[in-house]
Structure formats: structure tokens, C-alpha cells
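Open the model in your viewer and keep the side chains switched on. The stops below go from one selection to the next.

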Amino acid sequence: MISFNCFILLSLLTLLKAKNLRDSAGASEWMLTEKEITSSRHGYTRNNISPYTEDNEVEYLVEGQVFMDRLYADLTKTRKGDFIHGTLFEERGYIMLHPNPDDVEGSEKTSLKNVIKDAVEREVSVRLLVNCNMLQYLWAVPFCVQLNLICGYTCCGIDSRHYNWVLGNLHTKMWVIKIGNETVAYNGGIDIGIGRWDTQKHDNSNARQMNGQFLGNTAYHDSVVRMLG
């Protein structure tokens, strides 16, 4: 037991040292250059290397309100020739990304289904893959059927091929959105589902009640990373 504890402690110290080195060093100190990669391949070059770029933006979004506000803003910026790609889990088309108790009609226009509908009318390409298990089929199928009717083509598909079809599947929540010459990506743990819209106060606000409650009146805490590059 003592040896095992020492091993765990040494592993944690090693990881901490590596993290501190990475955080304190510049990109050139911990990312391979093209010359170094070529050298490691005995002189054989690669023609599919993406360049390291500066001035990219990364935001850490805590709670559903912050995430859905940012997602709504990006989705509504798309225009003809742009695209919206997503790998989703437990999505509900009626969930409002920007609920406002003082403007119920306006809030309904921010539902995921209506936002996608508006994007399709702007000739934005939409491709969504919904991961689900046996239980999620109850809302995954209607969600995709509605979107496919809106799109006029198969823009939404259901995937239950991975892990366990009965108990669970990939809980992937990712969005990649092309807006003009920029690409925005989201990756994290928040679904567009019941009770996911919550604030950092976790209070029982009227805006929160508009999207339903998570397990009764339980607060929902999670986060998403937004990347722009």
C-alpha cells in the first residue's frame, strides 16, 4: 500500500511539474516544429500539418445561461454559405436558448428548432448527429424528424452504434459553426435539454422554469469551452 501511494504521489507531482512547465513556457518550448517532426520521421515530410496560429480565442463558459447565450449569438450570425455542424446528446427542439419571461413569443423564436429553421432559410448548411440510448430515442427521433422536414434533406441523424445501445452512448456535446471566414467550436458537458438552462445563482427564476426543471428543482452545474480560430 505504501509503494502504491508513493507511486500516485510521484505521478501527481510529475503531472504538476509538466503543467507548470507548459504554462510558463512559450509555444515553441512544448510544440514540435515542422523540422522536428520531419526529423522524427527519418526525413519524410508531412503535407497535412496545420500551422500553429496566434490570436485564437478560448472562453470557459460556466452554466447553461452563459453557454446558450453565446451559442445563440453564433448560430444567428450564420449566413448563406456558412455551416452548422453538431454532435449532440439529449437535445430538445423546443428548448429556448434565450428565455425571457417578459417576452414569451420572442423567447420561443430562440428555441433550437426555430433557430435551425431560420438558419436553413438563410441557406446555411446544417448537419447534426444525435447520440442516444434506448430511452433517448423517445425524443431523439421526433427531434430529427422535425429538423429533417424543416431542412428538406437529412440534416439530422441518430447514432446508437457505440458503447451500449440500451444503457448509454457517447455523451458528446460539440458544435462547429462557420461564420464567414471564422470557425467557432464548442465542446463541453451541457445539452440543449430540460433543466440545462441555469444561472450561477441556481435560483428558481421564471426564466429557468420556462425550459423545465432538471430532476424536479435540482440545480444544474456544468461548463463548455468556446474556441474561435
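Select Arg226 and Glu59, and keep in mind that this is a predicted model. The two side chains form a salt bridge, with 2.9 Å between the closest N and O atoms. Now colour by secondary structure: Arg226 is in strand S7 and Glu59 is in strand S1, so the pair links distant parts of the chain, 167 residues apart.

Which of the two partners is buried, and which is partly exposed? Arg226 has 5% relative accessibility and counts as buried, because the cut-off for buried is under 20%. Glu59, at 25%, counts as partly exposed.

Next, add Arg70 and Asp74 to the selection. Together with Glu59 and Arg226, these residues are linked in a network of salt bridges.

Asp74 leads to the next stop, as one of the buried residues of helix H4. Select residues 64–77 to show the whole of H4, which has 14 residues. From its first C-alpha to its last, H4 reaches 20 Å, close to the 20 Å expected at 1.5 Å a residue. Within H4, colour Gly64, Phe67, Met68, Leu71, Asp74 and Leu75, which are its buried residues. Turn the view to look down the axis of H4: these buried residues fall within an arc of 130°, so they line one face of the helix. The general rule behind such a pattern is that an α-helix has 3.6 residues a turn, so residues three or four places apart point the same way.

What covers the buried residues of H4? Show strands S1 (57–62), S2 (83–89), S5 (174–179), S6 (182–188) and S7 (223–228), together with helix H6 (112–121); the cover includes these elements. Strands S1 and S7 have already come up, as the homes of Glu59 and Arg226.

Move on to Asp191 and Arg196. Their side chains meet in a salt bridge, 3.1 Å from N to O. Both Asp191 and Arg196 are buried.

For the last stop, select Arg208 and Asp198, another salt-bridged pair, at 3.7 Å from N to O. Arg208 is in helix H8 (residues 206–209) and Asp198 is in the loop between S6 and H8, ten residues away along the chain. Are these partners buried or exposed? Arg208 counts as buried at 2% relative accessibility, and Asp198 is buried with a relative accessible area of 0%.

To go on from here, look through the whole structure, where a search finds nine salt bridges.

Conventions: Residues numbered from 1 in each chain as written. Predicted model: local features only at pLDDT ≥ 70, side-chain atom pairs only at ≥ 80, totals over all residues. Heavy atoms only, no water. Helix = DSSP H or I, 4+ residues; strand = E, 2+ residues; numbered from the N terminus. Expected span 1.5 Å × (residues − 1). Buried < 20%, exposed > 50% of the residue type's maximum accessible area, 1.4 Å probe, protein only. Arc of directions from axis to C-beta. Contact = heavy atoms within 4.5 Å. Salt bridge = Lys/Arg side-chain N within 4 Å of Asp/Glu carboxyl O.
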